Amino acid sequence: MIEELYERLLAAASAQSEDSAIRVQAAYEPTDGLGGRIFPPTVKSRATDAAGYLVEPRYVDGVEVKVVLLDQRQSQANRCEQALLDAVRRQDLFLPHLELSTEAEGRAVRITSLEAPHRSRDAYFRDAQDDEGAKFDETEAGAALCRAGAGDLGAYLRQVPTDLVYGVWDSHRKRRIQVKVPRAYTSEMYGVSPLMGVRAAGRVDRLNLAGDTVAVTEAGWSPLDGAKPPRGVASARMSELGHGMIPPSEGIGGVSVKAVRRQATISLAQLSSLRFGDESQEFAAAGRALLASIGLLGDRLAFGSSALHLRSGCDLVVVSEQVEWVRRGQDGVPVTEPMECTTVRDSLALFELALERARKTGLEWPIEPVRVRPNASLQQAIAKSFEVAGIGAVGEE
């Protein structure tokens, strides 16, 4: 089955068949049952400058309804990348990637291209160097990525293939023509017909400390006993520093929805547009199929289990799921076909076969990540972010 699946993927990823995409459609419900309250991500409203949720009209099953976004495309891609990185660290597989390592305040700090906001083109790697002190962009790996362009993305395939699956934009380097590769994998989750909830948030202090105003310095805080703070000294109420009572106040309290859905696609048309310079057609086709297998594997690793944790207050269980080929329509009717690759085990087998075939066409993959460390300026900034620099204000959950 895996052999047949690979041959079909090989043709589809190079636009040599009527298969145009791979689609995943899934339905969920809250762990406490349909209608239970769940919490979407909060955003600041432009109109009110207050926290709220992203709600928009959308057609669902041909009917216009309101939906609330539970997880956007960027976040869903990040979940796949983290799941792939976890699999690499478990040694279930290996994917070439960049890794920046250092120490700050006695703790190890590590950031990979599967975690950095702009992937391999992130400023973390622009401001990195190798063990000899050479700038990353001047190393063999870094220079190859800098030379890559729309006509030859071979360096990305060899060193950071996930960039070509989840999209990358080299926006942190000054150049007239920037590398910008659209994502081939997209996924999002939303709730249908949301009813907005409210909640009262406060703080109960067992000792009922007084919420008086105190003086705050780098050394700590001290009571003012009703006096004004000295000139140049900051002040705050004790409740802002984590002590005292906070009366309950009304805030946004999640949503109740009719249904929770996830829609994910791997665009085979996008993969077929990728070019690899003077490499053979066999190399290019195998490379595109390999990238498609990575997209499917990332989805299965991140979303293939029976339950899903998005954030605090948003735990979901799978009600139904289907993975399917999206084919060329006939007589105005879309055509889909079930895809026999729904488990992590099958998708991993497909990936391993795709990698084997790509290597036979000449693809060379490293067996270790490209390791770099921060330059002096970045090291200083990283170290500062781990410093304890006094007392902070209490934040909301």
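**Exercise 1. Find which element gives the most to the lining of the second largest pocket, and describe that pocket.**

Helix α2 gives the most to this lining, with 5 residues. The model is a predicted one, in which local features need pLDDT of at least 70 and side-chain atom pairs count only at pLDDT 80 or more, while totals for chains, interfaces and linings use all residues. Residues are numbered from 1 along each chain as its sequence is written, and side-chain values use heavy atoms, with hydrogens and water left out.

Step one is the lining itself, which consists of 17 residues, with Pro117, Arg119, Tyr166, Gly167 and Arg183 nearest the centre of the pocket. Step two is the set of elements that give two or more residues to it, namely α2 (73–89) and β9 (168–169); helices (H or I, at least four residues) and strands (E, at least two) are DSSP runs, numbered from the N terminus. Step three is the volume, about 320 Å³. A pocket here is an open set of points on a 1 Å grid over the protein atoms alone, where a 1.4 Å probe fits, with protein on both sides within 12 Å along at least five of seven lines, and lining residues have an atom within 4 Å of a point. The volume is the space filled by probe spheres set on the points, which are joined across faces, edges and corners.

**Exercise 2. Work out how the rings of Tyr166 and Tyr185 are arranged, and where in the chain the two residues lie.**

The structure holds 3 aromatic pairs, a pair being rings of Phe, Tyr and Trp (its six-membered ring) with centres within 6.5 Å, where planes under 30 degrees apart count as stacked, over 60 as edge-to-face and the rest as tilted. For Tyr166 and Tyr185 the centres are 5.7 Å apart and the planes stand at 75 degrees, so the pair is edge-to-face. The pair links distant parts of the chain, since Tyr166 is in helix α6 (residues 162–166) and Tyr185 in strand β11 (residues 185–192), 19 residues apart. Both tyrosines are buried, a term that means under 20% relative accessible area, with exposed over 50% and partly exposed in between (1.4 Å probe, protein chains only).

The rings of Phe276 and Phe283 can be treated in like manner: their centres are 6.2 Å apart and their planes at 75 degrees, so this pair is edge-to-face. Phe276 and Phe283 are buried.

**Exercise 3. Describe the surroundings of Arg121, beginning with its place in the chain.**

Arg121 lies in the loop between β7 (107–112) and α3 (123–126), and its relative accessible area of 0% makes it buried. Its side chain makes a polar contact, at 3.4 Å, with the side chain of Asp170; such a contact is a pair of N or O atoms within 3.5 Å, of which, within protein, one must be able to donate a hydrogen and the other to accept it, and residues adjacent in sequence count only if both atoms are side-chain atoms. Leaving aside residues up to four places away in sequence, Arg121 touches several residues, including Phe136, Tyr156, Trp169 and His172, where contact means heavy atoms within 4.5 Å.

**Exercise 4. State the sign of phi at Gln91 and at Glu105, and decide whether each residue is buried or exposed.**

Most residues other than glycine have a negative phi. Gln91, in the loop between α2 and β6 (98–104), has a positive phi near 65 degrees, and at 72% relative accessibility Gln91 is exposed. Glu105, in the loop between β6 and β7, has a positive phi of about 50 degrees and, at 54% relative accessibility, is likewise exposed.
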